[in-house]
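Colleague: Could you take me through this chain? I have a few short questions.

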Amino acid sequence: MAKIEVVHEKEEHFPETVETIEVRVWGAAGKKSQAFFIGSGLNFAADANLWVEFLYSVNGAQIFYTRNFVHHDIDPEIYEDVFKNQIDTLIEKQEGQMAFAGMLPETAIIFKAENKSYADYTGEQKTYSYTELEITADTGPVFGRSGPGGRAIKISLPWISIEEGVRFMSELKQEMDAAAEGKHPNPASFPEGSSEWPFVWQANRLAYDRIASEYDEAYFENPLLTAIFDKWMANLPAGGSVLDAGCGHGQPVIARLLERGFTVTGSDFSEAMLERAAGQFPLVTFLHAPTTQIPPLAQFDGVCSFNSMLYLDPIDFLNSLHRLRSALKPGGLLFLHAWDPGPSWCGLPYSFRLDQWMWSWHYGMEEAARLVEEHGFFEVLEMQLVHVDPEEEERINQELAQQKQEEEEYYREQKASNPDGFIFPYMKMPVLKSPYGYAIVARRCGK
């Protein structure tokens, strides 16, 4: 991954110290066909926004961590030449800059070099090259629902050699190119726990603690969901061990598992939810932990997650898959259920859900299945839509057809009035869709 170190050499009264900045690119925010909403605005295509995490450490101890999006939609063929010219200028002239930055959000990663001069004690002019790596995380749109550029967190590391800066930015470009192609890094390649972000668990724990006493679900009133879950249970060893990841208060999933004779463990990050669960199921073991911290003991025959894992952002989702694979016995079965509230759009990771501020994300069924299989952790055995409203589907199709007609008319008018000039992209607006529910069944791969 793109990583850069600044070493401060040992002095008489101080040991050597090492400052480290690492930038990890975790994949595109969505598909080209999806609008991307963030803060007070939107971008036309979600695949132009990349999930990134920033890690700043001193002597191996993490000082700062955050997640954000980098807007990156430059034509690859054009950008290859631009990038090469930037490198040549930096090396030959010892000045210039390389940058990944864009609009909405205005998060930026910039390496720059500038020739400066000063007069020494004799009055003679001396020149030097000042270099700096600058990272600006635009927090306003991500956390405050404001416009871009209003609030930001900035980290800068000066006096980095041009060779090191070029290497770092080149590695970062490779990661961004891979993300734009739909690839995601393997969480097994990073130090354990290095992607943990207390903000997510604190924000969501507070939300679920507040609603724990009245929160209820009725999953098994849905016959399609009931059927595929019962089929999943039937393929587990009789009396086997099952983890309900993100179990909440335990109803109705733990109750159904116990009825079928399984030994059940529940995990959740909400203490209030677990207190309610423990009161109903005193013989069940409960873990107070998010799924990214489940012990990798290969002890479970099955893991299920209802309305939990598939609402994690891609960083936590991939790390959770890695942990749950290690928690399952070889050949163990995974069951995931979720709703997709926005097939035509994505964005707003920090938003008002269940009448609470929460950090969450959503995936389409095929998108989620690809993530489950991407690094060979699991093999998807079955995926199924378990909730489709025919009337809503018809309304959605009519709205999409109308929008498609308007888009075609827009481009015809623009080309007629400006045949050789730049045409501003058609503004895709999200079609308000009722969420559809789906389930995925997968088998743990490997020994």
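**Salt bridges, cores and rings**

Modeller: Let me begin with one residue of this predicted model: R323 counts as buried, because its relative accessibility is 12%.

Colleague: What does the side chain of R323 meet in a salt bridge?

Modeller: The partner is E192, and the N to O distance is 3.1 Å. E192 is exposed, because its relative accessible area is 68%.

Colleague: Where do R323 and E192 lie?

Modeller: R323 belongs to helix α8, whereas E192 sits in the loop between α3 and α4, so the pair ties together parts that are 131 residues apart in sequence.

Colleague: How many salt bridges does a search of the whole structure find?

Modeller: The search finds 22 salt bridges. One of them joins the side chains of R256 and D230, at 3.0 Å from N to O. R256 is in helix α6 (residues 253–259) and D230 is in helix α5 (residues 223–234), so this pair ties together parts that are 26 residues apart in sequence.

Colleague: Are R256 and D230 buried or exposed?

Modeller: Both R256 and D230 are buried.

Colleague: Which residues are joined into one network by salt bridges that share partners?

Modeller: That network consists of K112, E132, E134 and K154.

Colleague: And E181 with K183: what is the N to O distance in that salt bridge?

Modeller: The distance for E181 and K183 is 3.5 Å.

Colleague: Why does E181 count as exposed, and why does K183 count as partly exposed?

Modeller: E181 has a relative accessibility of 58%, and exposed means over 50%, so E181 falls in that class. K183 has 48%, which lies between the limits of 20% and 50%, so K183 counts as partly exposed.

Colleague: Let us turn to the interior. Which residues touch the most other members of the largest nonpolar core?

Modeller: They are F317, L321 and Y438, in a core of 59 residues. Apart from that core lies another, of 34 residues, with A2, F54, L90 and M176 among them.

Colleague: Which residues does F317 touch, not counting those up to four places away in sequence?

Modeller: With those neighbours in sequence left out, F317 touches M309, L310, L312, L336, Y363, A368, L371 and V372.

Colleague: Which residues of helix α9 are buried?

Modeller: In α9, which covers residues 365–373, the buried residues are M365, E367, A368, A369, L371 and V372.

Colleague: What covers the buried residues of α9?

Modeller: The cover includes helix α8 (314–327) and the strands β15 (328–340), β19 (378–387) and β20 (436–444).

Colleague: Now the aromatic rings. How many aromatic pairs are there?

Modeller: The count comes to 37 aromatic pairs. Among them, W197 and W359 form an edge-to-face pair, with 5.1 Å centre to centre and 85° between the planes.

Colleague: Which distant parts of the chain does that pair link?

Modeller: W197 lies in the loop between α3 (162–180) and α4 (198–211), and W359 lies in strand β18 (residues 356–359); the two are 162 residues apart. Both W197 and W359 are buried.

Colleague: Which residues do ring pairs link into a cluster with W197 and W359?

Modeller: Besides W197 and W359, the cluster contains F36, W51, Y65, F69, F143, F199, Y350, F352, W357 and W361.

Colleague: On to the surface. Which residues make the nonpolar surface patch of about 350 Å²?

Modeller: Y118, Y128 and W159 make that patch. Of these, Y128 lies in strand β9 (residues 125–138). Y128 is partly exposed, because its relative accessible area is 31%.

Colleague: Where does E11 lie, and is E11 buried or exposed?

Modeller: E11 lies in the loop between β1 (2–8) and β2 (17–28). With a relative accessible area of 52%, E11 is exposed. The C-alpha atoms of E11 and D120 are separated by 25 Å, and these residues are 109 apart along the chain.

Colleague: Finally, the whole chain: how many helices and strands does the chain have?

Modeller: It has 10 helices and 20 strands. Of its 447 residues, 51% count as buried. The C-alpha trace spans about 90 × 70 × 40 Å along the principal axes.

Colleague: What is the accessible surface of the chain?

Modeller: The accessible surface comes to about 21200 Å², and 52% of that belongs to carbon and sulfur atoms.

Definitions and conventions:
Residues are numbered from 1 along each chain as its sequence is written. This is a predicted model: local features need pLDDT of at least 70, side-chain atom pairs count only at pLDDT 80 or more; totals for chains, interfaces and linings use all residues. Side-chain values use heavy atoms; hydrogens and water are left out. Patches are made of residues with over 30% relative accessible area and no salt bridge: like charges are joined within 9 Å, nonpolar side chains (Val, Leu, Ile, Met, Phe, Trp, Tyr) within 5 Å. Accessible areas come from the Shrake-Rupley method with a 1.4 Å probe; for residues, only the protein chains shown count as cover. A salt bridge is a side-chain nitrogen of Lys or Arg within 4 Å of a carboxyl oxygen of Asp or Glu. Helices (H or I, at least four residues) and strands (E, at least two) are DSSP runs, numbered from the N terminus. Buried means under 20% relative accessible area, exposed over 50%, partly exposed in between (1.4 Å probe, protein chains only). A nonpolar core is a set of buried Ala, Val, Leu, Ile, Met, Phe, Trp, Tyr and Cys residues joined through side-chain atoms within 4.5 Å. Contact means heavy atoms within 4.5 Å. Rings of Phe, Tyr and Trp (its six-membered ring) pair if their centres lie within 6.5 Å; planes under 30 degrees apart count as stacked, over 60 as edge-to-face and the rest as tilted.
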